[in-house]
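Visitor: Could you take me through the aromatic pairs here, close up? I'd like to hear how the rings are placed.

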Amino acid sequence: MVGAFEQAVLAAMIFVIMLGMGASLTPRDFVLALKRPYGMLIGLVSQYGFMPLIGLVLALTLPVSDPIKIGLLIMGCMPGGTTSNIFTYFSRGNLALSVLMTVNSTIVGILAIPLLIVTYVAILTATGSISLVVPAQNIIITLILLLVPVAIGMAIRRWNANIGALVELVGSALGLVFIILLLVTWVPRNWQFLLETPGWVFFGAIGLGVFGFLFGYLFSTMLKLHPRNARTIALETGIQNGPLAIAIVAFTFTGPLQNVQQAVMAVPALYSLFIVITSAMLTIWFRRANAAEEQKIPDALL
């Protein structure tokens with residue numbers, strides 16, 4: 001499904017993407033995040049509350065294999081992806097809030113992701129839903145290593161703001177390049193796999209994003225947020241970091257677990273393909289809905 005060469009390319013892309021994430025950060029960003037705890041709390045509840053829980057429910061209820069269930073959990077525990085910032089812009093959402101949620105979820109994810117995966121895998125094991133052992137220590141090591149390019153990116157931004165901005169732009173663009181790479185190379189080569197994949201696997205991979213959109217929007221509506229912010233939170237909740245999930249699977253399920261690696265990777269690969277389609281459809285709907293009504297409402301970050 002993903003060969004050795006593609007894994008090497010993926011590793012390089014993930015490095016640059018995280019480098020770009022680091023280049024977008026300054027110490028001032030952390031101060032502002034702490035000064036806006038409400039926005040940070042909404043983001044964390046949306047991305048590390050709803051999405052992992054959606055992944056767990058899908059894993060418990062769908063008639064799929066153990067590796068697919070693990071793939072659903074891993075994908076649900078990912079931080080927000082930079083692609084969400086692009087769709088937020090086109091849906092006339094709150095770009096500042098989108099970036100804040102993406103940055104916060106990525107930073108907090110270093111600790112939250114392994115903790116959530118271990119916890120939810122333990123629940124699946126306790127309920128007898130799976131018997132597959134997940135190497136949590138490999139996931140932790142992979143995430144710690146990802147801190148290196150983030151730190152380098154921050155150092156570049158501090159050394160030269162212009163070069164830092166260029167690195168940030170390249171890192172963000174690579175997120176879309178990765179999805180295009182999947183469409184151009186992965187889909188044709190794995191066409192037979194797609195034809196043989198059970199419909200429930202597609203439902204789980206697509207449902208992760210769709211249910212994330214739904215819960216994010218309902219959550220923000222319940223909090224009576226401005227429509228722009230409701231759109232933003234919906235997109236940020238449903239759009240997860242697919243490339244990071246694939247990288248974690250590729251570098252975690254090695255050695256004795258190599259035989260299940262490709263099956264686990266099926267969920268984040270399919271998710272990355274279809275999230276663009278579902279996000280585009282939601283963005284079109286957002287642009288058409290409530291445009292006149294929200295002009296009467298004062299705008300704000302939250």
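Guide: Sure. The count comes to seven aromatic pairs, where rings of Phe, Tyr and Trp (its six-membered ring) pair if their centres lie within 6.5 Å, and planes under 30 degrees apart count as stacked, over 60 as edge-to-face and the rest as tilted. One of them joins W200 and F203, edge-to-face at 5.8 Å centre to centre with 80 degrees between the planes. Keep in mind that this is a predicted model, where local features need pLDDT of at least 70, side-chain atom pairs count only at pLDDT 80 or more, and totals for chains, interfaces and linings use all residues. Residues are numbered from 1 along each chain as its sequence is written, and side-chain values use heavy atoms, with hydrogens and water left out.

Back to W200 and F203: both sit in helix α10 (residues 199–222), three residues apart, about one turn of the helix. Helices here are DSSP runs (H or I, at least four residues), numbered from the N terminus. W200 is partly exposed at 44% relative accessibility, and F203 is partly exposed at 40%; buried means under 20% relative accessible area, exposed over 50%, partly exposed in between (1.4 Å probe, protein chains only).

Now look at W285 and F286: their ring centres are 5.5 Å apart and the planes meet at 50 degrees, so this pair is tilted. W285 is partly exposed at 49% relative accessibility, while F286 is buried, with a relative accessible area of 4%. Finally, F50, F215 and F219 form one aromatic cluster.

Terms used: Helices (H or I, at least four residues) and strands (E, at least two) are DSSP runs, numbered from the N terminus.
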